[in-house]
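Here is a short report for a first look. The sequence and the structure come next, and the notes follow them.

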Amino acid sequence: MQTLLSIIEICATIAFAISGIITARRRSFDLIGVYTVAFVTTFGGGTVRDILLDRRPFYWVQQPIYPMLMLGLAIGSFFVAKADWVALTEKAIMIPDAFGLGLFTAVGVAYGLEASMPLFIAALMGVITASVGGMLRDILCNEIPLVFQRSTQLYVTCAFVGACGYLLCTYLGFDALAVLVCTGITAAMRLGAVRYDWTLPI
Amino acid sequence: MQTLLSIIEICATIAFAISGIITARRRSFDLIGVYTVAFVTTFGGGTVRDILLDRRPFYWVQQPIYPMLMLGLAIGSFFVAKADWVALTEKAIMIPDAFGLGLFTAVGVAYGLEASMPLFIAALMGVITASVGGMLRDILCNEIPLVFQRSTQLYVTCAFVGACGYLLCTYLGFDALAVLVCTGITAAMRLGAVRYDWTLPI
Amino acid sequence: MQTLLSIIEICATIAFAISGIITARRRSFDLIGVYTVAFVTTFGGGTVRDILLDRRPFYWVQQPIYPMLMLGLAIGSFFVAKADWVALTEKAIMIPDAFGLGLFTAVGVAYGLEASMPLFIAALMGVITASVGGMLRDILCNEIPLVFQRSTQLYVTCAFVGACGYLLCTYLGFDALAVLVCTGITAAMRLGAVRYDWTLPI
């Protein structure tokens, strides 16, 4: 179980980093830009959550191997043929990204509850963990956050529904299942949204 | 007195939220975008101040009814006829917004003094509380902050003058009056700026 | 030695503030905009670092003379003939800016080590201190951060190399030299980059 979560975490962290790298490379940023955007996309959500909850140390401080690995990925991204790579990679990261969305949401809700937040705020902490990194990525690229646009397939909404699933599990006493349920619901809903083009009606 | 301040606070919070909602709806954001912008507009200033002063818990954590109410407002905004609604609402929120500007400034200065900040920094804390939410709103909408533009009627300046009023009251020993004086000066100056189109000469 | 560092610090703070003022004046911001941009450019990097490391009080809280002086500079900037002034000033601030880049990096690395950060994270703290202010300046001006663009002469890279110099000095036991070495390497590399138009190959 713990091993499974660790594998999801590693894959999701790499998927988030790659999504940042792709966004930055599309704009022809140099290495500084690519690395900064990858870093902010990956760790931005968790860092903002930890600042809000006044938690230290950050995940990327405890595991400095991640930011170092990410520097390697950012440098490596300049040595692969661009056009094919991007289309293929975007498809390949879809699944780890969806599971990462779910897992990061679960982690955020768990930290929110641990800090005795009210339920709605704990759910928000999950959503913030999962989605603020992507918003900061878009702000750094001087664009309106992708998740604000009507044509965007459900993303933040999946995190919110997953967070509610987490809270329901703990309410019903199934604490041990909460992370799995939240990750599963969020990932399934996200993959469904991508597959069938679900968007918010409003 | 406390009741009066509570009423101003509630009205001002709603006014700030509506100003965020209007800005986001104008750009045709979906519910996620509208809610995020409303949230950041309303709570952004106070949250940044609390992070700077290392204060916890945040206002919206202590009063989770506000972020929940705001979700209701954001959803509701999709079910009202747009064009008329916006013009009318913008006018209607002008007065609570002006008083909110004053009250939020006063709260920020008070927290700054409580944290033993130097006077100039305490005044800045008031100004930050009142104006950073609007700046973050504009950044999220991918625009230059409205308050930076020369054609914008006095806004941040009113907060700064009100903050100076607050500090003068406490200096003269009229602590009990400081909140009222700051709120009054700021609101009067802001409403005058809107009515007579006052802008900064430089 | 301490006196030399103080002089560098004062000159660098003014140079960073002026670079923010020039950027804001180019966009015809009013005083609020010019002051906010100058403030964020100068103190943004150190403040973000202190929030990440959970350090208080901030530099500009301990030395409120700086933010006050900056208000004077911002106001004064409206009373000098614009066109000539900018070209001349940009050249004049190049040298204090380069030394400031180095000194701020050194301070950031030192605080990172003091907080027992892993080496790579300590280096990042130095880089963040030196470069995040400029990124926030560009975000406030609704532009892609200058340092992300390929045509930009080495800036963040100089800070990173200087930070590595700092760490090497402390590793070799030359703690007393670390600040000087870091400031010197960073400033020399930055001035070389400006003089010979060095940019990142990737």
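## Around the axis

N142(A) is the residue of chain A that comes closest to the rotation axis, with its C-alpha at 3.8 Å. This is a predicted model. Two copies of a chain are related by a rotation about an axis and a shift along it. Here, a turn of 120° and a shift of 0.0 Å along the axis lay chain A on chain B, with an RMSD of 0.0 Å. That is the relation of a three-fold axis.

Chain C can be laid on chain A by a turn of 120° and a shift of 0.0 Å along the axis, with an RMSD of 0.0 Å. In chain C, N142(C) has the C-alpha nearest the axis, at 3.8 Å. The copies use different surfaces, and 17% of the contact residues of chain C recur in chain A.

How do chains A and B compare at their interfaces? Only 17% of the interface residues of chain A are also interface residues in chain B, so the copies meet through different surfaces.

## Annotated spans

The unreviewed UniProt entry places the feature "transmembrane region" at residues 6-24, 31-52, 64-81, 93-113, 119-140 and 152-168 of chain A. Two of these spans are set out below.

| Span of chain A | Helix | Strand | Distance between end C-alpha atoms |
|---|---|---|---|
| residues 6-24 | 100% | 0% | 27 Å |
| residues 152-168 | 76% | 0% | 27 Å |

## A buried arginine

R25(B) belongs to helix 1 of chain B, which covers residues 2-26. Is R25(B) buried or exposed? R25(B) is buried, yet it has no salt bridge. The nearest side chain of opposite charge is that of D30(B), 9.7 Å away. A salt bridge needs a side-chain nitrogen of Lys or Arg within 4 Å of a carboxyl oxygen of Asp or Glu. The side chain of R25(B) does reach a backbone oxygen, that of S77(B), at 3.3 Å.

## A tyrosine in chain C

Y59(C) lies in helix 3 of chain C, residues 59-62. Its relative accessible area is 26%, so Y59(C) is partly exposed. The bounds for that class are 20% and 50%.

Which residues does Y59(C) touch, leaving out those up to four places away in sequence? They are E9(C), T13(C), F43(C), D50(C) and Y66(C). With E9(C), the contact is also polar: the two side chains meet at 2.6 Å. V179(C) is 120 residues from Y59(C) along the chain, and their C-alpha atoms are separated by 18 Å.

Definitions and conventions: Residues numbered from 1 in each chain as written. Chains lettered and ligands numbered in written order. Predicted model: local features only at pLDDT ≥ 70, side-chain atom pairs only at ≥ 80, totals over all residues. Heavy atoms only, no water. UniProt positions renumbered as here; feature names shortened; annotations may be inferred. Helix = DSSP H or I, 4+ residues; strand = E, 2+ residues; numbered from the N terminus. Least-squares fit on C-alpha atoms with pLDDT ≥ 70 in both. Contact = heavy atoms within 4.5 Å. Buried < 20%, exposed > 50% of the residue type's maximum accessible area, 1.4 Å probe, protein only. Lys, Arg positive; Asp, Glu negative; His and termini not counted. Polar contact = N/O pair within 3.5 Å; in protein donor to acceptor, adjacent residues only side chain to side chain.
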